[in-house]
Amino acid sequence: MKNMKFAYKPLSIACLTLAAASANGAVTIYDDAEVATVSVDASFNTFYVNSSIDGGPNGDREQSRVKMGFLPNWLGMSFSKQVGDVKVGGRSSFWVTINDSNSGVTSTGIDVRQFYATIDADWGQVLLGKDFTLFNRSNIFLDEILLGYGNVNDTLGLVDGQGVSFGNIGSGYTYPFPASQIRYTSPTFAGGLKVAVAMIDPSPVNGAADREESVPRIEGEVTYSREFDGGSVTAWAGFLNQSSESSMGDVDSTGTSYGVKVGFGGFSLHASGYSGEGIGILLGPTEAALGLAQVTMYDTDYNELDSQGYLLQASYKLDANRFVLSYGENEIENTDYIGHEGMQAAWFHSYNSNVTFAVEYSTSEFSGILGEEKADTLAVGAIVNF
């Protein structure tokens, strides 16, 4: 299985991320207390990218692109209405590919990552519909390069792919792939503690024809946020559990995620990680949809493969400038099987409250059965948020 290349379209569109986490704000387009409030938010980004690849499935080469970064471009709409003691809401967001003409003329992908309703009251919130899942959610939401570019490589077909880069997906965390779910989130308790737990549509991890998932996938996350004199701290821990049974063998996907982010003065420090079995290296249980299950999730005897990863980051904000250093890695079983590490050094400049310019240098290194590859990338771009 040396030098396997996964230029799968779902893999290209899988990497995010997260309207609520990165939009500067929303524009209210309708507000009537007797009817509803409707607001619109949007984000646009484009980067010039130059990648130098050493090894990998296509050999040594240099490639220039003009494409979107870690985040696609998106348009989102949010809805809310107060009905007595209950607020009824909803959100839909549409994530758009812009760099698709070189591999599929006028085939722009529109990816609906959020389409849900919410019910809020004193007892908390219930979410019904499609949204990002909980396992590794804060790991990626609080990534310092979320607005930047991140990692690309030929091993995963990302240099020439028509989708986004992978940011730190596969080199720090797995992606909380959007899925249909029923989720409860508690109110914020005294001291800043909040709990969320969700029943999620299970992924077909087990490739056997007679497989079954008798219960949904369960994910949860506990977060703690607090401000102190001159700074703030956010800490979190999450879990994932799913069982897929068949006559050929059972696959139990389990995982824990965790992290802390501390800000003081202009400095911010981020440390997060995860570990698990049968969850792969990129997308958690959804990774099976890419045809990678018997490479990254379990062996030929349906024994779950162990995986783990971590991400360490430091940033400093000075006036309109933010400087970031980041290093992360993921591995399956051990680095002799599959290992991937990524590094970024980035500079973000806030031109105003809506426009941010970015310059980023990143490296991606693969080792193990997927092949040996190192990719160095320079990305220069702009992000416009509404």
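Hi everyone. Let me start with a definition: a residue is called buried under 20% relative accessible area, exposed over 50%, and partly exposed in between. Please keep in mind that we are looking at a predicted model.

Let's put that definition to work on Gln308, a residue in strand β14. Its relative accessibility is 40%, so Gln308 counts as partly exposed. Gln308 also has a partner in space to look at: Ile281 is 27 residues away in sequence, while the two C-alpha atoms are 7.8 Å apart.

Now let's look at the strands around there. Strand β14 covers residues 306-318 and pairs with β13 in the antiparallel sense, over 11 bridges. On its other pairing, β13 runs antiparallel to strand β12, residues 251-264, again over 11 bridges. Within that second pairing, Gly255 stands opposite Gly276 of β13. The hairpin of β12 and β13 has two residues between the strands, and Gly265 there takes a positive phi near 60 degrees.

Next, Glu277, which belongs to strand β13, residues 267-277. Which residue of β14 is the bridge partner of Glu277? It is Asp306. Both residues also turn up in a surface patch of negative charge, together with Asp210, Glu212, Glu245, Asp250, Asp252 and Glu333. Glu277 has a relative accessible area of 34%, so it falls in the partly exposed class.

Let's move on to opposite charges. As a general point, side chains of opposite charge can pair when their charged atoms come close. How many salt bridges are there in this model? The count comes to 10.

One of them joins the side chains of Arg61 and Asp154, at 2.8 Å from N to O. This pair links distant parts of the chain, 93 residues apart: Arg61 is in strand β3, residues 61-67, and Asp154 is in the loop between α3 and β8. Is Asp154 buried or exposed? With a relative accessible area of 1%, Asp154 is buried.

Arg61 also meets Asp160 in a salt bridge, at 2.7 Å from N to O. Asp160 lies in the loop between α3 and β8 while Arg61 lies in β3, so this pair ties together parts 99 residues apart in sequence. Asp160 has a relative accessibility of 31%, so it counts as partly exposed. Through shared partners, salt bridges join Arg61, Asp154 and Asp160 into one network.

Finally, Glu213 and Arg211 form a salt bridge through their side chains, at 2.5 Å from N to O. Arg211 is at 32% relative accessibility and therefore counts as partly exposed.

Thanks for listening!

Key. Residues are numbered from 1 along each chain as its sequence is written. This is a predicted model: local features need pLDDT of at least 70, side-chain atom pairs count only at pLDDT 80 or more; totals for chains, interfaces and linings use all residues. Side-chain values use heavy atoms; hydrogens and water are left out. Patches are made of residues with over 30% relative accessible area and no salt bridge: like charges are joined within 9 Å, nonpolar side chains (Val, Leu, Ile, Met, Phe, Trp, Tyr) within 5 Å. Accessible areas come from the Shrake-Rupley method with a 1.4 Å probe; for residues, only the protein chains shown count as cover. A salt bridge is a side-chain nitrogen of Lys or Arg within 4 Å of a carboxyl oxygen of Asp or Glu. Lys and Arg count as positive and Asp and Glu as negative; His and the chain ends are not counted. The place of a charge is taken as NZ of Lys, CZ of Arg, CG of Asp or CD of Glu. Helices (H or I, at least four residues) and strands (E, at least two) are DSSP runs, numbered from the N terminus. Buried means under 20% relative accessible area, exposed over 50%, partly exposed in between (1.4 Å probe, protein chains only). Two strands pair if DSSP finds at least two bridges between them.
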